[in-house]
Amino acid sequence: QERGRWRVPGERWRGGPCEVCQCLAGGAVRCVPYCPLRDTGCPQGHVLREGDGGSCCTCAPAGE
């Protein structure tokens, strides 16, 4: 059970804006960092910067 909702093994959901979680066998939950910008990419002249700890990844000007 996660946030009052029952999950089944193998089910995945967004745990937050920077996290994806999965229900494992035995009722365990595993959450890992998630970067939504990996799917869309950054605008030209910008590069993807990984998040650190509680922050999401971001697009930053190249060379910065």
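Hi everyone. Let me start with the term I'll lean on most: a disulfide, for today, is a pair of cysteine sulfur atoms within 2.5 Å. One caution before the details: this is a predicted model.

With that cut-off in hand, how many disulfides does a search of the whole structure find? The search finds four, and I'll walk you through three of them.

Let's take C21 and C31. Their sulfur atoms sit 2.0 Å apart, and the two cysteines form a disulfide. The torsion about that S-S bond is about 105 degrees, so this disulfide is right-handed. Where do the two ends sit? C21 belongs to strand β2, residues 19-23, while C31 belongs to strand β3, residues 29-33, so the bond ties together parts 10 residues apart in sequence. The surroundings of the two ends are worth a look as well. C21 is buried, at a relative accessible area of 4%, whereas C31 counts as partly exposed, at 35% relative accessibility.

Next, C35 and C57. A disulfide joins these two, with an S to S distance of 1.9 Å. About the S-S bond we have 90 degrees, and the link is right-handed. This pair connects distant parts of the chain, 22 residues apart: C35 is in the loop between β3 and α1, the latter being 37-40, and C57 is in the loop between β4 (46-49) and β5 (58-61). Are these cysteines buried or exposed? Both C35 and C57 are buried.

The third pair is C42 with C59, a disulfide whose sulfur atoms are 2.1 Å apart. For those of you who like torsions, here the value about the S-S bond is about -85 degrees, so this disulfide is left-handed. C42 lies in the loop between α1 and β4, and C59 lies in strand β5, so the pair ties together parts that are 17 residues apart in sequence. On the accessibility side, C42 is partly exposed with a relative accessible area of 25%, and C59 is partly exposed too, at 27%.

If you number the bonded cysteines of the chain in sequence order, the pairing reads 1-6, 2-3, 4-7, 5-8. And then there is C23, which is in no disulfide; the nearest cysteine sulfur, from C21, is 10 Å away. C23 counts as buried, with 6% relative accessibility.

Now for the strands around the C21 and C31 link. There is an open sheet of three strands, in the order β1-β2-β3, and the pairing is antiparallel. Which strands stand at the edges? They are β1, residues 12-16, and β3; each has a single partner strand, so one side of each is left without a neighbour in the sheet. From one strand to the next, the twist averages 30 degrees. As a quick reminder, strands of a sheet pair through backbone hydrogen bonds, either parallel or antiparallel. Here, β2 and β3 pair in the antiparallel sense over five bridges, and V20 stands opposite V32 in β3.

Let me finish by zooming out to the domains. The chain is divided into domain 1, residues 1-33, and domain 2, residues 37-63. How far apart are their centres? Taken over C-alpha atoms, the centres of domain 1 and domain 2 are separated by 25 Å.

That's my tour, thanks for listening!

How values were computed:
Residues are numbered from 1 along each chain as its sequence is written. This is a predicted model: local features need pLDDT of at least 70, side-chain atom pairs count only at pLDDT 80 or more; totals for chains, interfaces and linings use all residues. Side-chain values use heavy atoms; hydrogens and water are left out. Helices (H or I, at least four residues) and strands (E, at least two) are DSSP runs, numbered from the N terminus. Buried means under 20% relative accessible area, exposed over 50%, partly exposed in between (1.4 Å probe, protein chains only). Two strands pair if DSSP finds at least two bridges between them. Axes are lines fitted to C-alpha atoms, for helices over the stretch in contact, and angles run from 0 to 180 degrees between N-to-C directions. Domain bounds come from an automatic or database domain assignment.
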